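Hi everyone, thanks for coming. I'd like to walk you through one model today, so please have the picture up while I talk.

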Amino acid sequence: MAFPKKKLQGLVAATITPMTENGEINFSVIGQYVDYLVKEQGVKNIFVNGTTGEGLSLSISERCQVAEEWVTKGKDKLDQVVIHVGALSLKESQELAQHAAEIGADGIAVIAPFFLKPWTKDILINFLKEVAAAAPALPFYYYHIPALTGVKIRAEELLDGIQDKIPTFQGLKFSDTDLLDFGQCVDQNRQQQFAFLFGVDEQLLSALVMGATGAVGSTYNYLGKKTNQMLEAFERKDLSLALNYQSCFLIYFSCLGFGVSQTKAIMTLVSGIPMGPPRLPLQKASREFTDSAEAKLKSLDFLSFTDLKDGSLEASS
Ligand SMILES: CC(=O)N[C@@H]([C@@H](O)[C@H](O)[C@H](O)CO)[C@@H](O)CC(=O)C(=O)O
């Protein structure tokens, strides 16, 4: 096994899947999207076909095509492309994992199956192990998102001895607000070189304090540059500056809303790249939402939003 590649750390954008107004995938803007992330947001790692990417709402063939497009367009531009391959069917998950390996992805991630659910740690591990075995040369990440899967097995419990069962296990994507569970994951695995990637963007600063080594999230598509400034402030131990950032994020952006539909609308406004509507059962963000988001972003003078270096995150207008 050619492990480890470079450890996955820093910001990882959970990519949106751009769609046309007819609900087809709009592959034509993915190249532009890669350039936007790298050049405008300073984000060089991506997480494809996850929650934000509506991975579970795409067909298997679409998921493969989307993964392939990101890997192809990201070549020599992105550092790491991790593909989410979780599915209700073990066979489909394995197929996606194999495909990710064939196209040269840098890692795979899997959520717990959420219809017929694994009720114990051992059952969940067995499922994950079978998926990981389909791509034995790829780093494997467990994607913990209990609010959406309904699988409440604590991540700390799952991680206990996981590498004995899944030798390719490289880290955890933790999309939950239980910072005690997250902190225990970090604390009890200090000897391992696992990646601890936090997935609740509005709580990232708290997770950094608990030992997060990186973050995966939807907002890094359009707030990557600002969040990188927060990471730098944290690194320099300038906590008041870092806190300024996180508070600003909460005050100014929480009111816009963070669902996939809203994320698509905000990303379209901020990047100028059309993300289109989400696929059913999600609904397109309302006109009222888009208008008020646009007004809000303008009032914040978003793109020239006061930089962290002056210690203030007040809107510049
Ligand atoms: C439930 C959800 O979508 N959570 C997002 C967050 O980035 C979330 O959008 C953000 O914290 C704002 O609430 C990520 O954890 C999901 C994610 O990384 C993904 O798209 O796979």
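I'll start with the annotated sites and then move out to the helices, strands and loops around them.

One thing up front: this is a predicted model. Okay, which positions does UniProt mark as "binding site"? The unreviewed entry gives Thr-52 and Val-216. They're spread over 165 residues of sequence, yet they cluster in space, with a largest C-alpha distance of 10.6 Å.

Let's take Thr-52. You'll find Thr-52 in the loop between strand E2, residues 45-48, and helix H2, residues 60-74. Is Thr-52 buried or exposed? The cut-off for buried is 20 or more other C-beta atoms within 10 Å, and Thr-52 has 27, so Thr-52 is buried. If we skip the neighbours within four places in sequence, the contacts of Thr-52 are Ala-14, Thr-15, Ile-16, Ser-218, Val-260 and Thr-263.

Now Val-216. This one sits in strand E8, residues 214-217. Val-216 counts as buried because there are 29 C-beta neighbours inside 10 Å. Again leaving out neighbours within four places in sequence, the contacts of Val-216 include Val-12, Ala-14 and Lys-173. Notice Ala-14: it was on the list for Thr-52, and here it is again for Val-216.

What about the ligand? There are 16 residues surrounding it, and the closest are Ala-14, Gly-50, Thr-52, Gly-199 and Gly-217. So Thr-52 is one of the closest to the ligand, and Ala-14 is another. Sorted by class, that shell has five nonpolar, nine polar and two charged residues.

Next, the "active site" label. The unreviewed UniProt entry puts that feature at Tyr-143 and Lys-173. The two are spread over 31 residues of sequence, but their largest C-alpha distance is 4.7 Å, so to speak a cluster in space.

Tyr-143 is in strand E5, residues 140-144, while Lys-173 is in strand E6, residues 169-174. Are they buried or exposed? Tyr-143 counts as buried, with 26 C-beta neighbours inside 10 Å, and Lys-173 is buried too, with 29 other C-beta atoms within 10 Å. Not counting residues up to four places away, Tyr-143 touches Lys-173, and His-84 and Gly-86 are among its other contacts. Lys-173, counted in that way, is in contact with Val-216 and Gly-199, among others. That's a nice link for us, since Val-216 is one of the "binding site" positions and Gly-199 is among the closest residues to the ligand.

Let's go back to E2 for a minute. Asn-45 and Phe-47 point one way from E2, Ile-46 and Val-48 point the other way, and all are buried. As a general pattern, side chains in a regular strand alternate between the two faces of the sheet. E2 also pairs with strand E1, residues 10-14, in the parallel sense over three bridges. Our old friend Ala-14 has Phe-47 as its bridge partner in E2.

On to helix H2. Does its length fit, or not fit, what we'd expect? H2 has 15 residues, which should span 21 Å at 1.5 Å a residue, and the end C-alpha atoms are 21 Å apart, so the two agree. The buried residues of H2 include Arg-63, Val-66, Ala-67 and Trp-70. In general, an α-helix has 3.6 residues a turn, so residues three or four places apart point the same way. The buried residues of H2 pack against helix H1 (30-41), E2, strand E3 (80-84) and helix H3 (90-103).

Last bit: backbone oddities. Most residues other than glycine have a negative phi, and most peptide bonds are trans. Which residues here go the other way on phi? Glu-54 has a positive phi of about 55° and isn't a glycine, and Lys-237 has a phi near 65°. Asp-76, just after H2, also takes a positive phi, about 65°.

Glu-54 is in the loop between E2 and H2, and counts as buried, with 21 C-beta neighbours inside 10 Å. Lys-237 lies in the loop between helix H10 (220-235) and helix H11 (239-253), and is exposed, with 8 other C-beta atoms within 10 Å.

And one cis peptide bond to look for: Leu-280 to Pro-281, with omega near 15°. Pro-281 is in the loop between helix H12 (260-271) and helix H13 (287-299). Okay, that's my tour.

Technical notes:
Residues numbered from 1 in each chain as written. Predicted model: local features only at pLDDT ≥ 70, side-chain atom pairs only at ≥ 80, totals over all residues. UniProt positions renumbered as here; feature names shortened; annotations may be inferred. Helix = DSSP H or I, 4+ residues; strand = E, 2+ residues; numbered from the N terminus. Buried ≥ 20, exposed ≤ 12 C-beta atoms within 10 Å, placed from the backbone. Contact = placed C-beta atoms within 7 Å. Near = placed C-beta within 6 Å. Nonpolar A, V, L, I, M, F, W, Y, C, P; charged D, E, K, R; others polar. Expected span 1.5 Å × (residues − 1). Pairing = 2+ DSSP bridges.
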